[in-house]
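User: I am new to this structure and would like to learn how its features are read. Please guide me through them step by step.

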Amino acid sequence: MDLARFAIEKRLVSALLTLVILLAGYVAYTSLPRFEDPEFIIRSAQVITPYSGASAEEVAEEVTDVIETAIQQLSGVKEVKSTSSAGLSQVTVEFTIASAKTRDVLAQKFTQLRAKISDTERQLPPNAGVPQVYDDYGDVYAQYYAVTGDGYSLSEIHDYLKTLQRELVLVKGVSKVILVGTPQERVYINYQPSRLIQLGLSSGQIAQVLEGQNLVVSGGNVKAGNLRIEFRAGAAVSSLKALEELVISDPKGGRSFRLKDIATVTLGIKDPIGKRLYRDGKPAIGLAISNILGGNVVQMGDAVRARIKDLENQRPLGMDIIPISEQSESVRISVDDFVLNVLMALAIVVGTLLLFMGVRSGLLMGGILLVTVAGTLFGMKLYGLDMQRISLGALIIALGMLVDNAIVVVEGTLVRIHKGESPASAAIAVVNQTKWPLLGGTIVGFLAFSPIGFSPDNTGEYAGSLFWTISIALLFSWLIAIWLTPYYCTLMLKNEKATETEQETNEGILLGGYRKMLALALKHRLATILLAFGLFGLSLAATPFMKQGFFPASTRAQFVVDYYLPQGTDIEQTQAETAKIADHIRTLQGVTGTNRMIGGGHPRFMLVYDGGSDDAAYGQILVDVEGYEAIEPLLTSVREYIESNFRQAFTKVWKFNLGPGGGSLIEAKFTGQDPVILRQLAEQTKQIYAQAGAVAIKDDWREMVKVIKPRIREENMRRLGLTQGDITKAIAGHFSGTAIGIYRDAEDLKQIIFRPLEADRKGAQSLKSIQIFNASTGQYVPITQVVERFETIFENARLLREDRALAIKAQADPAPSDNATDLFNRIKAKVEALDLPTGYHLKWGGQSGDSAEANAGLASTMPLGFGAMVLVVFLLFNAVRQPLIIWLTVPLIGVGVIWGLILTGTAMEFMAILAVLSLTGMLIKNAIVLIDQTDLEIEQGKPRLSAVIDASVSRVRPVSLGVLTTVLGVVPLLWDPFFKSLAVVIIFGLTFATLLTLIVVPTLYALFFKVKNTETAQ
């Protein structure tokens, strides 16, 4: 079908379709889901199994190993990681992208995981808890608030938040609402051990009495006439006072006591405390809200804020809801910045076209660009893409490329109009002549991005929308060029009288100068080619001066302080020291607030953040600043303050990175079976790090911890009728208390803990005073009769495994003045030279490992993408020499790329690699049209040298305008850290690629086809 003729003849239809496209684009723009980062799938789940009283080694052997064995029987498992710590097993399973491409398939995998874990429960030790599967590991809580209240306890804040939580979960777009750092209340019954011994009572006897009084059991029912009425007895223990009045009988003396006669009953917070959140030093509870899958996070955030405002009259006076992270606002700012960048790029492109093509042609091209952008947005909506960092950047990248096809059509139409043809016939003729070469160039253009679109790794999934967005944009730009552009030409371009046919008459200084320069290059074609490839070789030699990177730092106005005290440190000490650090940070210029979490990290408030596992010796401070520009000096200041005042701790002060990855930038992972050898290898590696000037040096096993181990007199224990369990329970009950029941406080169920008074359980020196209750005799036995001595030993606090092998990571980061790649290059050979025993292996992680994985993903799909590009080019020409000319030219774009990165001091990051791929497509597209034009003119009978020169001259303006609009269109991205390297590569690389297209391609054509210097028109 002749779309150009149809568009011109059906003018009303074309006008209506234009309006429909613009309207559809606007509707799509307002309704597209909006996110900060691409909504890629985290294909991980956790299986958590408690095993109270077991050491890390026992947990690993008796629980973790069983869980891992079951998981690895599932299909599609990519990796199984585990952390075995005292009393707790945490196993994380990650599925491959291929086995769980969609969330529905992933949900089936999680169902299979639950079934498999359920089947293994009977293989676990008797004392192990029930394994729990958590498949919401990857949930992102887009709205994250701290709720504080002067004069209010955390329990009172919690009571208010439970009501607010029920309201917010009903808000449109909200998926889940969780509370972070909530106080875990307990009812404590504190007794004096000597009094209990005197009465011959045990915690078990009190628990039995409490259970009988406090159980909810059916009271039966009775028939009364036509009705059946239930009996409902309330719990006897309905208040703390009722608990104090509970009657306890003395089995030996036959006496009865009220509980308050032998113990004190209090309501308190779990001891030791769990995770806690502090906002600017004030105790707070976190309110974290996630949005539904595919929802618009901006609309959800607005709806949440509106609902909170509606419920403000229910909030107690003095309680404040303070934002810690509002993704809706950051996304709104990103979208606003995008609109500004689009307007800037649009103004730059239209201004450039107006300057070089005249007012009518410039306005024509500006209108075409607007329609194409609208169609692209509508295409994104139909395909299910969303507006986020990657797709917005892709749209900006595409802006300059969107007019390439239209420029060719409009430029060709103008040339024919100058020769006296009507705009309609000229436009139809140009479209029919160029539509297939333009389609081939367009296909090659978006195929250049296909390696990232089909890359089978997390980085590919993260940045994959770049390929699909640009594919939609370029295909739509081609459609508009061959369909509606001829109609627009008839509206904006006028008929003209035929002018001089001699090209040189109208070429002017620039085109005339280019003609002479090309003629000189063709005359000395061998020297020209050698010069081009010589520059390429020189550029390759300069690559060591080019910085390397992965993903850039974020512009988020927050940075993070990770604070690790020695493993086993009490959480109260962690609280005290992190409080001092946070107080100091708030005095620094540029800091607007601190959000301090102790006992663990924050919930996942952005996709690329992971709060890690809970740890009493760990605290994290999320620092708010006025602007991201203030972060760099603050990092150094905070790091120096902590190192000077808190020498016993390990600290990492860091800012957020964009893209996947995270953790330490330098990671050497050793795997094997002996924990001692693994620790030795990690220590040797950390020494190498230190000698190389690294900072934040640590390993992920942390320090070994002290453990008090009783040496039991086995003979005495058996003679007295006791078991090792009796001894262990007596020790635990003395220091931590014994859970003896549940207290019902409205809808809350609170554990009742029976424990000695604080004075009787304070310090390890009270160990020898412990009395063990013998259930068979009803008497207490001093612990010294069955325990010979108490020894202090060291053991691993945690053991980490990957794919069933013990794995330890020696981690570090570069100093502020250093570069991760440079540091890695300094330590790589030394670490790899370590003597690894048989069965032990080294694997690099961190930035090097993430980058290698991402590049491997690209490498696995690049042959397919480039193969398709090669195939398209060969099919277009149905020849060999023309495609060879094009592909020989492609590597030469490295000259502009390498020197551009070196001169600007920009790192060769992942996005820069994508830009190189896009450059390949742009160069090939321009070369296709140029060579096709050359072949056409030769077929029409023009002498070959004249055809080469004339075809090249005819392509100068469209190629230059296409390059200029693309280069200027990405200029706004130079100020975006995420896309800066991509912009630099396109600006410098495409500029140099223009010279390649206009000089090297015609020179290679003349060389390959043996065009003689005498083959010119006389």
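Analyst: The dialogue below goes from the overall picture to single residues.

User: What should be settled before any detail is read?

Analyst: The first point is that this is a predicted model. Its mean pLDDT is 86, and 96% of the residues reach 70 or more. Over residues 500-505, however, the pLDDT is below 50, and this stretch has five contacts in the model beyond near neighbours in sequence.

User: How many helices and strands are there in the protein, and what box do its C-alpha atoms fill?

Analyst: The protein has 33 helices and 30 strands. Taken along the principal axes, the box filled by its C-alpha atoms is roughly 130 × 80 × 55 Å.

User: What percentage of the residues is buried, and what area does the protein expose?

Analyst: Of the 1018 residues, 54% are buried. The protein exposes about 44400 Å², and 56% of this area is supplied by carbon and sulfur atoms. As for contacts with a separation of 6 or more, 80% of them join residues 24 or more positions apart.

User: How is the packing of two helices described?

Analyst: Two packed helices are described by the distance between their axes and the angle between those axes. In this structure, helix 15 (residues 423-447) and helix 18 (residues 465-483) serve as the case, with axes that come within 10 Å and cross at roughly 175°. Angles over 145 degrees count as roughly antiparallel, and helix 15 and helix 18 are therefore roughly antiparallel to each other.

User: Which residues make the contact between helix 15 and helix 18?

Analyst: Helix 15 contributes Val431, Lys435, Leu438, Leu439, Thr442, Gly445 and Phe446. From helix 18 come Phe467, Ser471, Leu474, Leu475, Trp478, Ala481 and Ile482. By class, the residues of this contact divide into ten nonpolar, three polar and one charged.

User: What is the general expectation for phi and for peptide bonds?

Analyst: Most residues other than glycine have a negative phi, and most peptide bonds are trans. For the peptide bond, the case here is the one from Asp271 to Pro272, which is cis, with omega near 0°. Pro272 is found in the loop between strand 12 (263-269) and strand 13 (276-279).

User: Where are the residues Arg804 and Asn878 placed, and what is the phi of each?

Analyst: Arg804 has a phi near 75°, a positive value in a residue other than glycine. Its place is in the loop between strand 28 (798-802) and strand 29 (805-813). Asn878 has a phi near 50°, again a positive value in a residue other than glycine. The loop that holds Asn878 runs between helix 28 (846-877) and helix 29 (881-889).

User: Is Asn878 buried or exposed, and how is Arg804 classed?

Analyst: Residues over 50% relative accessible area count as exposed and those under 20% as buried, with partly exposed in between. Asn878 has 71% relative accessibility and so counts as exposed. Arg804 has a relative accessible area of 28%, so Arg804 is partly exposed.

User: What does Ser85 in strand 2 contact?

Analyst: Ser85 belongs to strand 2 (residues 77-85) and counts as buried at 18% relative accessibility. Leaving aside neighbours within four places in sequence, Ser85 is in contact with Ser55, Ala56, Val59, Ala797 and Arg798.

User: How is separation along the chain read against separation in space?

Analyst: One case is Gly375 in helix 12 (residues 359-383). Gly375 and Val20 are 355 residues apart along the chain, and their C-alpha atoms are separated by 9.5 Å. Gly375 is buried, with a relative accessible area of 6%, and touches Ile21 and Phe476, not counting residues up to four places away in sequence.

A second case is Ala993 in helix 33 (residues 980-1008). The C-alpha atoms of Ala993 and Val247, 746 residues apart along the chain, are separated by 92 Å. Ala993 is buried at 2% relative accessible area; not counting residues up to four places away in sequence, Ala993 touches Ile893 and Leu923.

User: What can be said of Glu156 in helix 5?

Analyst: Glu156 is found in helix 5 (residues 154-168) and is partly exposed, with a relative accessible area of 40%. Glu156 and Pro316 are 160 residues apart in sequence and 9.6 Å apart in space, C-alpha to C-alpha. Apart from neighbours within four places in sequence, Glu156 is in contact with Gly151 and Met319.

Terms used. Residues numbered from 1 in each chain as written. Predicted model: local features only at pLDDT ≥ 70, side-chain atom pairs only at ≥ 80, totals over all residues. Heavy atoms only, no water. pLDDT = per-residue confidence, 0-100. Contact = heavy atoms within 4.5 Å. Axes fitted to C-alpha atoms, helices over the stretch in contact; angles between N-to-C directions. Helix = DSSP H or I, 4+ residues; strand = E, 2+ residues; numbered from the N terminus. Parallel < 35°, antiparallel > 145°, perpendicular 65-115°, else oblique. Nonpolar A, V, L, I, M, F, W, Y, C, P; charged D, E, K, R; others polar. Buried < 20%, exposed > 50% of the residue type's maximum accessible area, 1.4 Å probe, protein only. Areas by Shrake-Rupley, 256 points an atom, 1.4 Å probe, with all protein chains shown as cover.
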